[in-house]
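Please open the structure in a viewer and keep the selection panel at hand. The stops below are given in the order in which they may be selected.

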Amino acid sequence: MSSAKCKKTDIERIVAEKGKRGDFSPRQSDHCHNFYELIYMLSGECRFLLNDSVYRLVRGDLILAAPGDLHHALYETSTCEIMAVYFKKDYIDWNLLKKLLPQPGSRQLHSFMGSIPPLYQEEFLSLAGRMLSESAGIDEYSETFMSCYLHELLLTLMRHSVMAEEEPELLNSRDADILIATKYIYRNYQKPLTLDEVAAQAALSPTYFSRKFKQVTGMGFKEYLNFVRLKHAQTALLTTSGTITDIALENGFNDSNYFKDLFKKVYGKSPREYRKNAV
């Protein structure tokens, strides 16, 4: 079995990895990528930030983070163990799945959180074990086996209605104030939000809010706000003809130079280069 890596910026094949707490470090301010990431909890607990919601995961739970979606894990127990599967949209045979997807005819999977029913966890773990073994590249057949196992994995999730869960259990109520804050940021990212304003929405003092926000999400308030803005600006670069300055202003940045510098730091290219080289 391969050892887990902290940072993965791209993949060239389907990858399965297994690791203990800390192997998948949450200390990534730009934690999204151009491939799917599925995380399955083998043991322990963790908090998981997915876009504007925070979830608590335990054994049997899993998260699928779609390309471009913000996600962030915080592992809470020393015995925490997870399995991760990485794959790109192009690795999926959509004709095989088209009649079974939650939205028929769709050619994409959306981010979701779900749970494997206890009765089927042994079956799922058997499949996970086969993926981990083949991911090590046993021979020239491994890549084909991985493709078969990926589709078996997705079909298993569909069969047990894991992908159809629309309202998974959110983080326990003692942290509901932070969930209110993340949702407020997602709805109002274009506005000149301040820490004081968002703290007031959560009914917390700014100092306590700042500390608790980072504790629960693993990200500082400004870091999270900038990421949400960048994610929307990234989409605008690919789907509109607006100028770089206009896109910056429309997505909450009042300084286009700051936007350009931050965008390049996170995505490795200037906004202009990103737009020009987009496939």
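**Stop one: strand S3**

Select Cys46, Phe48 and Leu50, which point one way from S3, then Arg47 and Leu49, which point the other way; all are buried (under 20% relative accessible area, with exposed meaning over 50% and partly exposed in between, for a 1.4 Å probe and protein chains only). S3 covers residues 46-50 and is mostly covered, five of its five residues being buried. Strands (E, at least two residues) and helices (H or I, at least four) are DSSP runs numbered from the N terminus. The model is predicted: local features need pLDDT of at least 70 and side-chain atom pairs count only at pLDDT 80 or more, while totals for chains, interfaces and linings use all residues. Residues are numbered from 1 along each chain as its sequence is written, and side-chain values use heavy atoms, with hydrogens and water left out.

**Stop two: the partners of S3**

Next select strand S4, residues 53-57, which pairs with S3 in the antiparallel sense over five bridges; pairing requires that DSSP find at least two bridges between two strands. Two residues lie between S3 and S4 in their hairpin, and Asn51 in the turn has a positive phi of about 55°. Add strand S6, residues 71-75, which runs antiparallel to S3 and is joined to S3 by five bridges. Which residues stand opposite Cys46? Leu57 does so in S4, and Tyr75 in S6.

**Stop three: helix H3**

Finally, select Leu155 in helix H3, residues 142-159. Leu155 is partly exposed, with a relative accessible area of 31%.
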